[in-house]
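Grab a pencil and work through these short exercises on how two parts of one protein chain meet. Try each task yourself before you read the solution.

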Amino acid sequence: MTMPPPTPASAFSAADHAYMARALRLAEQGLWTTSPNPRVGCVLVRDGRVVGEGWHQRAGEPHAEVHALRAAGAQARGATAYVTLEPCSHHGRTPPCADALVAAGVVRVVAAMRDPNPLVAGRGLLRLQEAGIATAAGLLDAAARELNIGFVARMERGRPWVRVKLASSLDGRTALANGKSQWITGPEARRDGHRYRARACAVLTGIGTVKDDDPRLSVRDVATSRQPWKVVVDSRLEISPQAALFDGGPVLVACAVDLAARPEAVAALAAAGGEVLSLPNAAGKVDLAALLDELGRRGVNELHVESGFKLAGSFVREGLADELLLYQAPTLLGDTASGLLTLPELADLAGQRRLTVVDRRQVGVDTRILARFA
């Protein structure tokens, strides 16, 4: 199959930009609900007027194009469709959107980005072109990719986008020497952190955090109709079935032990709602790369890591973290407090890990920094 060439930026009008921006705002309404599907918005325009619009709301339900076509009815004939992701061309849980657009009689389709899903990957646009519909792609592509950064990561590399969330003092400390860490940051920052939890497909922590804090790992403080999946890295399978995180929703426990030798522990965790998976590496720890591969196969787009400095450091050290979400409080905890990440000592500054700050803003009294690895 020949991939259609990219559309030059000069081919898009000011009106095209405005309608696609509207489609992206619609797509954002599915930020917390579409997992594992991408967030997609669609706007139908005829004779300079919006005649229908919609967004994908939940996996298994109609896609954005179908909602927009239903809203437009007969007015869809002769319209231009602005879609934030190339219309699908395959039968999944719903019929192909490309066929629906053809049947409705639209005359032009503008997609913000091509679908990285190998089942689509240009076939949607090609199907439209074969039906005589004018197509264009690449309008506000960067914004569309950012909105679906986890879906793109899973489609292109088979692993989720990994976001490591951290909360620290100005001197980079995350907990007192006695382990106490609640609360370094203020309520506004904690609420903001729950928004990031809500958009993730899964939240991951380590057994140390479970033992010290007994977290639920659920989304609170913000309204959501979907709770993310919970994942615990527990090399020696020490977690108790009475841990608070088993109170609602499935839990995946990744360990490094021989499950055949621990049938009672596996059965107890299963009764509590947990699934145990053994993924040992050569050092007898959980193979984090293999775990990410498994989560990708299970449809996890965005993985939100909230753990202690050792496990967080492992994700960074092994090159598995894509970005750091750091909330920094205007306070000092001192040298005896725990650091931000456990990383090997550097002999030369040439070995420092560089990041790009993509967002920095005030959240209550704290500062939120979103930084990505090169």
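**Exercise 1.** How many Å apart do the C-alpha centres of domain 1 and domain 2 lie?

*Solution.* Keep in mind that you're looking at a predicted model. Start with the bounds: domain 1 covers 14-151, while domain 2 is made of 159-235 + 288-373. Next, take the C-alpha centre of each domain; the two centres lie 34 Å apart.

**Exercise 2.** Find out which residues and elements domain 1 brings to its contact with domain 2.

*Solution.* First, count the residues in the contact: domain 1 puts in 13 residues and domain 2 puts in 14 residues. Then look for polar contacts, and you'll get six residue pairs between the two domains, with both residues at pLDDT 80 or more. Now go through the elements on the domain 1 side: α5 (141-147) and α6 (149-157) are the ones that give two or more residues. Of the elements there, α6 gives the most, with three residues. Finally, sort that side by class, and you end up with six nonpolar, four polar and three charged residues.

**Exercise 3.** What area is buried between domain 1 and domain 2, and how many salt bridges are counted between them?

*Solution.* Begin with the area: about 1,200 Å² is buried between the domains, and carbon and sulfur atoms give 49% of that. Move on to the salt bridges, where the count is two. To check a pair yourself, use the cut-off: a Lys or Arg side-chain nitrogen has to be within 4 Å of a carboxyl oxygen of Asp or Glu. Try glutamate 146 and arginine 372: their closest N and O atoms are 2.5 Å apart, and they form a salt bridge.

Key: Residues are numbered from 1 along each chain as its sequence is written. This is a predicted model: local features need pLDDT of at least 70, side-chain atom pairs count only at pLDDT 80 or more; totals for chains, interfaces and linings use all residues. Side-chain values use heavy atoms; hydrogens and water are left out. Domain bounds come from an automatic or database domain assignment. Contact means heavy atoms within 4.5 Å. Buried area is the accessible area (1.4 Å probe) that two parts lose on being put together, summed over both. A polar contact is a pair of N or O atoms within 3.5 Å; within protein, one must be able to donate a hydrogen and the other to accept it, and residues adjacent in sequence count only if both atoms are side-chain atoms. Helices (H or I, at least four residues) and strands (E, at least two) are DSSP runs, numbered from the N terminus. Ala, Val, Leu, Ile, Met, Phe, Trp, Tyr, Cys and Pro count as nonpolar, Asp, Glu, Lys and Arg as charged, and the others, Gly among them, as polar.
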